[in-house]
Amino acid sequence: MNEDEMSVGIGRPPENRRQAAVKGLWVGVWLAFMSAPVKDLADGAHTSWATALGTLGLVVFVGCYLVLVFRLAPKMLNTVQVRIALAFLSGLAVTLSLTLGPPWLVLFVYVAVSAGATLPLRTARWMIPVVTAALVGIGLTGDHPREIITALVFPALLGGFSMTGIRQMIHTTIQLREARATVAQLAANEERLRLARDLHDLLGHSLSLITLKSELAGRMLPDHPEQAAAQVADIEQVSRQALVDVRGAVTGYRRPTLPGELAGARTALAAAGITADVPAEPPEDLAEKPEEVLAWALREAVTNVVRHSGARNCKVSLAPRQTLDGRILELTVADDGRGASATTFGNGLTGIAERLATVDGTLATRAANSRSGKGFTLALSVPLESGLGSRE
């Protein structure tokens, strides 16, 4: 699933025209309640001038409302501009309601929604009742049906305060994303510091020894070549051991682990808007090599779910199972997406199968829903007995 096919996430501005259209559709669908003033204009109950001015006022009102609620960019309008736009929207609602009649009272509902969507909670909680009171006051000034006023009071209050909740949820979501990014950055920084400490511990003594022996060999060269050669041989031995230690350390850092990949799967699926069911921890008695193979397979499988499946839900399970050939650890990744294709999963499955072959593992795939052919389930297993107690 590419970015164009994904809906705009909560609290994120649209990144392209397609996402803007999708978000605009969700916002614009509520304009269906504008049918009352539109019908009032279409009935021809007003003079041509009143109809023209009413049409112009309605278009301007809708445009101002969409700018306030849609907010193409997070900082498109500052606080002063938002309050000016709300004041203009309120004035337009008052003018059109007083001059064109009861059908136009619905504009106050949109003013309340705009206040809830754009104002801070401490301001919106008194602004929304004020707008509702204005609706009632204007409705009572003329000979308007009381049922119209009653029918609009509840939507104005509910719509306004609902938007304050949505606004608060958006802010919380943005803060969670920022916190997640901060945690990831701190984890990366901590990992770099740990690598620096490990390399210092591994190389500090070796390089100091190489330096001392090099200086000693340099002083011995003119008069004692045999002793200098012995020092050079020691330098070679120390440097070779240092190289082995560095390679071992780097290999350990590069090797994926199941706890890390499970956490990464949970984060990747959540970021893609896919409901994830991922276990917290793998078994502790799994050997290093089978764990690495399953970690690589899990990374590949989750990447395919995020990028290609179009799924809404994904379940990852990791559990031991008894078979005729002995106990195995089975990893399954199941989604409810559009299903697999040869072009999407061919290379990935080939790589997974090759890695599994090195630990006598097995690979199986099937459609999650056999009737419709939708969804995809990837099942991998590795022998469990061979890995017991073999960690270093």
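This is a short walk through the sheet, the nonpolar cores and one aromatic pair of the structure above.

Okay, before anything else, keep in mind that this is a predicted model.

Let's start with the sheet. It is open, it has five strands in the order 1-2-3-5-4, and the pairing is mixed. So which strands stand at the edges? Those are strand 1, residues 275-277, and strand 4, residues 362-366; each has a single partner strand, so one side of each has no neighbour in the sheet. Going from one strand to the next, the twist averages 15°.

Now look at that strand 4 edge. Strand 4 runs antiparallel to strand 5, residues 376-383, and five bridges join the two. If you want a spot to click on, A364 sits opposite A379 in strand 5. Then there's helix 10, residues 288-309, packing on the sheet. Helix 10 touches strand 2 (313-323), strand 3 (326-335) and strand 5, and its direction makes about 15° with that of strand 3.

Right, on to the cores. The largest nonpolar one has 39 residues, and the ones with the most contacts inside it are F61, L68, W104, L107, F108 and L119. Which elements give two or more residues to this core? You've got helix 3 (48-70), helix 4 (79-100), helix 5 (107-118), helix 6 (121-141) and helix 7 (146-220). Helix 5 gives the most, with nine residues.

Let me zoom in on W104. If you leave aside its neighbours within four places in sequence, W104 is in contact with P37, D40, L41, G54, L58, L96 and S97.

There's also a second, separate core of 31 residues, and that one includes L269, A272, L331 and V359.

Next, aromatics. How many aromatic pairs does a search of the whole structure find? Just one. The partners are Y65 and Y110, with ring centres 5.1 Å apart and planes at 85°, so we call the pair edge-to-face. What I like here is that the pair links distant parts of the chain: Y65 is in helix 3, Y110 is in helix 5, and they are 45 residues apart. Buried or exposed, these two? Y65 is buried, and Y110 is too.

Last stop, A271. You'll find A271 in helix 9, residues 258-271. With a relative accessible area of 41%, A271 counts as partly exposed, because that class lies between the 20% and 50% cut-offs. And its C-alpha atom is separated by 8.9 Å from that of R177, which is 94 residues away along the chain.

That's my tour, happy to take questions.

Methods:
Residues are numbered from 1 along each chain as its sequence is written. This is a predicted model: local features need pLDDT of at least 70, side-chain atom pairs count only at pLDDT 80 or more; totals for chains, interfaces and linings use all residues. Side-chain values use heavy atoms; hydrogens and water are left out. Helices (H or I, at least four residues) and strands (E, at least two) are DSSP runs, numbered from the N terminus. Buried means under 20% relative accessible area, exposed over 50%, partly exposed in between (1.4 Å probe, protein chains only). Two strands pair if DSSP finds at least two bridges between them. Axes are lines fitted to C-alpha atoms, for helices over the stretch in contact, and angles run from 0 to 180 degrees between N-to-C directions. Contact means heavy atoms within 4.5 Å. A nonpolar core is a set of buried Ala, Val, Leu, Ile, Met, Phe, Trp, Tyr and Cys residues joined through side-chain atoms within 4.5 Å. Rings of Phe, Tyr and Trp (its six-membered ring) pair if their centres lie within 6.5 Å; planes under 30 degrees apart count as stacked, over 60 as edge-to-face and the rest as tilted.
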